[in-house]
Amino acid sequence: NGRGDIGLLAVAERARGRGLGGALVRAALAWTAGRRFDTAQVATQGANAAACRLYAAAGYAVESVVPVR
């Protein structure tokens, strides 16, 4: 569909704060660009503040919010 998706990205708690999450996001974006996708997206929980900060720092912006029960 011309879009790259990050399905799940995780860093073990003991390894956090070392830039690994950012490196994983950059690798995903490089993979997307290498395949000439037009866009990239990621879904995460709004309550996961750390993930939201990570993706915002990589240039992602909230496109939509979907309530899930």
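A residue is called buried here when its relative accessible area is under 20%, exposed when that area is over 50%, and partly exposed in between, using a 1.4 Å probe and the protein chains only. What you're looking at is a predicted model, so local features need pLDDT of at least 70 and side-chain atom pairs count only at pLDDT 80 or more, while totals for chains, interfaces and linings use all residues. Residues are numbered from 1 along each chain as its sequence is written, and side-chain values rest on heavy atoms, with hydrogens and water left out.

Let's start with the overall layout. The protein has two helices and two strands, where helices (H or I, at least four residues) and strands (E, at least two) are DSSP runs numbered from the N terminus. Reading from that end, the elements go β-α-β-α. The C-alpha trace spans about 35 × 30 × 20 Å along its principal axes, and 16% of the 69 residues count as buried. As for contacts (heavy atoms within 4.5 Å), take those between residues at least 6 apart in sequence: 56% of them join residues at least 24 apart.

Now zoom in on strand 1, residues 3-6. Its side chains alternate: Gly 4 and Ile 6 are buried and point to one face, whereas Arg 3 and Asp 5 point to the other and are not buried. Strand 1 runs parallel to strand 2, and four bridges join them; two strands pair if DSSP finds at least two bridges between them. You can follow the register residue by residue: Arg 3 has Thr 39 as its bridge partner in strand 2, and Gly 4 stands opposite Ala 40. Add helix 1 to the two strands and you get a right-handed β-α-β unit. Right-handed here means that, with the strands pointing away from the viewer, the path from the first strand over the helix to the second runs clockwise.

Stay with Ala 40 for a moment, in strand 2. It is partly exposed, with a relative accessible area of 27%. Leaving aside residues up to four places away in sequence, Ala 40 touches Arg 3, Gly 4, Leu 29, Thr 32 and Tyr 60. Its C-alpha lies 14 Å from that of Leu 9, and the two residues are 31 apart along the chain.

The loops on either side of strand 2 have something to show too. Arg 36 is in the loop between helix 1 and strand 2. Its phi is near 60 degrees, a positive value in a residue other than glycine. Is Arg 36 buried or exposed? At 75% relative accessibility, Arg 36 counts as exposed. Past the strand, Thr 44 sits in the loop between strand 2 and helix 2. Thr 44 is partly exposed, at 37% relative accessible area, and it touches Ala 51, Cys 52 and Tyr 55, again not counting residues up to four places away in sequence. Thr 44 and Arg 18 are 26 residues apart in sequence, with 21 Å between their C-alpha atoms.

That leaves the pockets. The search uses a 1 Å grid over the protein atoms alone: a cavity is a set of points where a 1.4 Å probe fits but cannot get out, a pocket is an open set with protein on both sides within 12 Å along at least five of seven lines, and lining residues have an atom within 4 Å of a point. Grid points are joined across faces, edges and corners, and a volume is the space filled by probe spheres set on the points.

The largest pocket has a volume of about 720 Å³. It is lined by 21 residues, and Val 42, Ala 43, Val 62, Glu 63 and Ser 64 lie nearest its centre. Strand 2 (39-42) and helix 2 (49-57) each supply at least two lining residues, with strand 2 giving the largest share, four. By type, the lining divides into 13 nonpolar, six polar and two charged residues; Ala, Val, Leu, Ile, Met, Phe, Trp, Tyr, Cys and Pro count as nonpolar, Asp, Glu, Lys and Arg as charged, and the others, Gly among them, as polar.

The second largest pocket holds about 440 Å³ of space. Its lining has 22 residues, with Leu 9, Ala 10, Val 11, Ala 51 and Leu 54 closest to the centre. Helix 1 (20-34) and helix 2 each supply at least two of the lining residues, and helix 2 makes the largest contribution, four.
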